Amino acid sequence: MASSSDSWIKEYNEAVKMVDDINAMISERSSLPASGPETQRHASAIRRKITILGTRLDGLQSLLSRPTGKPLTEKEMNRRKDMVANLRSKVNQMASAFNMSNFANRDSLLGPESKPDAMSRTVGLDNSGLVEQDEDLEKLEETVVSTKHIALAVNEELDLQTRLIDDLDQHVDVSDSRLRVK
């Protein structure tokens with residue numbers, strides 16, 4: 001069915017638009033003061049968008065790994081994989097620019113990819129059992145990836161809040177010293 005292919009292209013185009021939005025936000029950042037709450041909020045918004053973009057790229061990759069509908073030619077499949085890889089490279093560059101080293105190296109968060117022998121995992125299962133197991137594993141993978149991205153976003157927000165609290169604490173100390181002097 002062509003609609004699944006069209007939905008992949010639509011998702012990809014949305015991801016490209018998000019890259020453009022992030023680049024515009026990065027350019028806009030230079031017009032902000034060097035530090036301060038507004039600058040920190042802006043940087044946090046950029047980090048959040050980068051995290052969301054990473055989730056979208058995982059979704060695109062997932063759609064390629066389990067195609068539905070009309071089968072794609074090997075050439076088209078490779079072209080799409082390259083498109084996702086190029087976008088992921090841009091995302092990692094943007095993430096590195098914001099010292100999001102955990103994000104830039106996000107694949108290491110779940111540890112090295114190790115796949116047990118397929119035969120040992122499927123002993124005793126019939127065809128319907130294998131299909132059901134695959135579906136359950138796909139749902140689990142989606143949940144884990146989603147949870148990982150939520151955790152990354154929460155971590156970024158906590159970092160921002162910590163910096164804001166530290167900044168506030170510093171201002172309170174300065175105000176306190178001024179009050180004591182007077």
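These are my notebook entries on a predicted model of one chain, kept in the order in which I looked things up.

**Ground rules.** I am working from a predicted model, in which local features need pLDDT of at least 70, side-chain atom pairs count only at pLDDT 80 or more, and totals for chains, interfaces and linings use all residues. I number residues from 1 along each chain as its sequence is written, and for side-chain values I use heavy atoms, with hydrogens and water left out.

**Overall make-up.** I began with the secondary structure, taking helices (H or I, at least four residues) and strands (E, at least two) as DSSP runs numbered from the N terminus. The chain comes to six helices and zero strands, and its elements run α-α-α-α-α-α from the N terminus on. I then looked up burial, where buried means under 20% relative accessible area, exposed over 50%, and partly exposed in between, with a 1.4 Å probe and protein chains only. Of the 182 residues in the chain, 27% are buried. For area I relied on the Shrake-Rupley method with a 1.4 Å probe, in which only the protein chains shown count as cover for residues; the chain exposes about 12300 Å², and carbon and sulfur atoms supply 55% of that area. Taking contact to mean heavy atoms within 4.5 Å, I noted that among the contacts in the chain with a separation of 6 or more, 76% come from residues 24 or more positions apart.

**The core.** A nonpolar core is a set of buried Ala, Val, Leu, Ile, Met, Phe, Trp, Tyr and Cys residues joined through side-chain atoms within 4.5 Å. I found that the largest one has 21 residues, and that Trp8, Ile22, Ile50, Leu53, Leu60 and Met94 have the most contacts inside it. Helix 1, helix 2 (37–65) and helix 3 (74–97) each supply at least two residues of this core. I followed up leucine 53, which touches Ala15, Met18, Val19, Ile22, Val91 and Met94 when residues up to four places away in sequence are not counted.

**The aromatic pair.** Rings of Phe, Tyr and Trp (its six-membered ring) pair if their centres lie within 6.5 Å, and planes under 30 degrees apart count as stacked, over 60 as edge-to-face and the rest as tilted. By that rule the structure holds one aromatic pair. I log it as stacked because the rings of tryptophan 8 and tyrosine 12 have their centres 5.6 Å apart and their planes at 5°. Both residues lie in helix 1 (residues 2–29), four residues apart, which is about one turn of the helix, and both are buried.

**Salt bridges.** I counted a salt bridge where a side-chain nitrogen of Lys or Arg is within 4 Å of a carboxyl oxygen of Asp or Glu, and the structure holds eight. Arginine 48 and glutamate 157 meet in one of them at 2.6 Å, N to O. This pair links distant parts of the chain, with arginine 48 in helix 2, glutamate 157 in helix 6, and their positions 109 residues apart. Arginine 48 is partly exposed at 35% relative accessible area, and glutamate 157 is likewise partly exposed at 28%.

I next checked arginine 80 and glutamate 76, whose side chains meet at 2.8 Å, N to O; both lie in helix 3, four residues apart, and both are buried. In helix 6, aspartate 176 and arginine 180 are also four residues apart, about one turn of the helix, and the closest N and O atoms of their salt bridge are 3.0 Å apart. Aspartate 176 is partly exposed at 32% relative accessible area, whereas arginine 180 counts as exposed at 66%. Salt bridges that share partners join Glu76, Arg79 and Arg80 into one network.

**Along helix 6.** Valine 154 lies in helix 6 (residues 127–181) and counts as partly exposed at 43% relative accessibility. Its C-alpha is 9.1 Å from that of arginine 48, although the two are 106 residues apart in sequence. Arginine 163, also found in helix 6, is partly exposed at 31%; I noted that it touches Gln40 and Arg47, not counting residues up to four places away in sequence. The C-alpha atoms of arginine 163 and proline 37 are separated by 9.0 Å, with their positions 126 residues apart along the chain.
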